[in-house]
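Reader: Could you take me through one part of this model up close? I'd like to hear about the second largest pocket and what surrounds it.

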Amino acid sequence: MKQFNKKQKNSLSSSSVKLSKWDRQYVWHPFTQMQEWEQEDPLIIEKGNGVYLYDIHGNKYLDGSSSIWVNLHGHRHLTLDTAIQEQLGNIAHSTLLGAASPPSIVLAKELVKISPKGLTRVFYSDDGSTAVEVALKMAIQYWQQQNPPQKKKKMFVRLDAAYHGDTMGSMSVGGLPLFHERFRPLLFSTIALDAPYCYRCPLHLRYPSCQTACLDPLEDVLSKRHDHIAGVIIEPMVQAVAGLITQPPGYLSHVRALCTKYDVLLIADEVATGFGRTGTMFACHHERVTPDLLCVAKGLTGGYLPLAATLTTETMYEVFLGGPEKTFFHGHSYTGNALGCAAALANLEIFKKEKTLAQVRKKSRILQALLKPLAELPIVGDVRQCGMTAGIELVKNKETREPFPLSERMGYRVAAECRRRGLLIRPIGNIVVLVPPLVATERELRQIVNIVTKSCRTLC
Ligand SMILES: *Cc1c(COP(=O)(O)O)cnc(C)c1O
């Protein structure tokens with residue numbers, strides 16, 4: 001850690017007091033009860049390096065949430081820093097409306113190369129929510145432009161507890177009451193199905209391999225209403241914000257098969273799972289699934305800049321060719337931003353250079369072994385893992401699986417203990433969620449799990 005002399009220390013502390021005051025005075029934080037926030041000294045992150053974050057007082061923290069699922073190769077990675085600086089030497093941004101740009105062209109080509117086979121077209125946007133909006137709109141217009149038009153096909157099927165973003169369309173296909181219920185009057189209606197929550201599924205307790213059973217309702221809905229259904233949207237392999245709910249093997253490929261059978265589109269929201277997080281480049285790769293639409297964002301730029309993309313098939317693309325009325329009327333001011341695309345290209349270059357996927361596979365096994373003893377703790381009901389992400393479900397009664405009442409804020413309290421020990425994580429209700437940057441070493445993973453274990457013990 002850098003040493004400050006007395007004068008620097010004084011000026012730093014007076015400026016830190018000012019920053020704390022101004023933050024509480026002027027900034028409205030996302031997903032945050034500001035009344036609570038205003039009563040605490042805000043954590044102000046000033047610097048990062050590798051898997052570490054540093055606050056304005058010089059305290060060092062492990063970035064256990066990858067800065068909310070975005071960071072892959074660590075902070076201040078030379079390849080990413082350099083790529084953005086070099087792009088700045090050319091241009092920061094020019095529009096994709098009526099013009100193209102080198103980084104967005106090359107990135108599209110590279111994304112197609114690494115995506116599930118059959119995805120050939122890239123539509124840029126800015127964040128996960130907008131990538132989902134694009135997919136929903138493309139799906140609707142796709143059915144309208146069939147010959148003959150299939151205008152009745154306009155419903156979406158989604159899973160319970162799904163999270164696809166905060167804009168109106170993405171909230172409509174979301175299923176988290178705390179976030180979405182209040183806005184229901186503004187949202188379009190959807191067909192909701194139970195999520196495959198094995199730990200809390202009565203079927204799962206009865207049948208150890210039950211993936212068919214939990215998809216019966218989907219087949220039922222599709223067989224009866226496919227004439228009215230545009231698509232099924234899911235987070236493949238793991239529902240992140242729902243509490244790291246992992247899907248049983250075969251689930252995803254079964255969903256794909258049902259969509260094909262009943263002629264509805266499959267939208268895979270890989271905003272959280274994309275770019276190596278689950279051990280393969282995309283979660284769809286685990287079961288060799290090609291969705292009709294693939295949404296990516298978070299990790300796309302290695303955690304550096306906001307950029308998103310919706311990938312689709314040649315079949316989908318061709319339906320939009322023809323007269324002006326067939327145009328896809330959608331786009332944002334910063335679509336295909338050159339700095340973002342340059343960062344994304346550097347991100348993919350690091351995957352090759354550092355053999356990130358092979359590393360992740362190795363480290364996932366290490367993480368799995370490290371997490372094992374946690375399951376023995378009296379307040380830990382379930383430990384779920386998918387590649388380099390894990391969810392630890394805290395329960396009041398291990399036997400009966402009775403959850404802690406949300407008012408006890410157990411997840412929050414464990415996270416607060418972790419922070420005291422130098423690890424930043426963001427819990428979801430009673431679930432402690434670990435999302436270390438992919439670059440985290442065995443030593444750093446051990447440190448993270450040790451801190452979580454100690455923090456859980458403190459609260460036992
Ligand atoms: C975070 C997330 C989104 C929303 O992405 P933003 O960039 O926050 O708009 C959508 N889908 C999934 C699965 C996510 O995890």
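**The second largest pocket**

Author: Sure. The second largest pocket comes out at about 530 Å³, where volume is the space filled by probe spheres set on grid points joined across faces, edges and corners. A pocket here is an open set of points on a 1 Å grid over the protein atoms alone, where a 1.4 Å probe fits, with protein on both sides within 12 Å along at least five of seven lines; lining residues have an atom within 4 Å of a point.

Keep in mind that this is a predicted model: local features need pLDDT of at least 70, side-chain atom pairs count only at pLDDT 80 or more, and totals for chains, interfaces and linings use all residues. Residues are numbered from 1 along each chain as its sequence is written, and side-chain values use heavy atoms, with hydrogens and water left out.

So who's at the wall? There are 22 lining residues, and R121, V122, F123, M138 and Y317 sit nearest the centre. Two or more residues each come from α5 (102-114), β4 (119-125), β12 (308-313) and α12 (314-319); these are DSSP runs numbered from the N terminus, helices being H or I of at least four residues and strands E of at least two. Strand β4 is the top contributor, with five residues.

Chemically, the lining splits into 12 nonpolar, seven polar and three charged residues. For that count, Ala, Val, Leu, Ile, Met, Phe, Trp, Tyr, Cys and Pro are nonpolar, Asp, Glu, Lys and Arg are charged, and the others, Gly among them, are polar.
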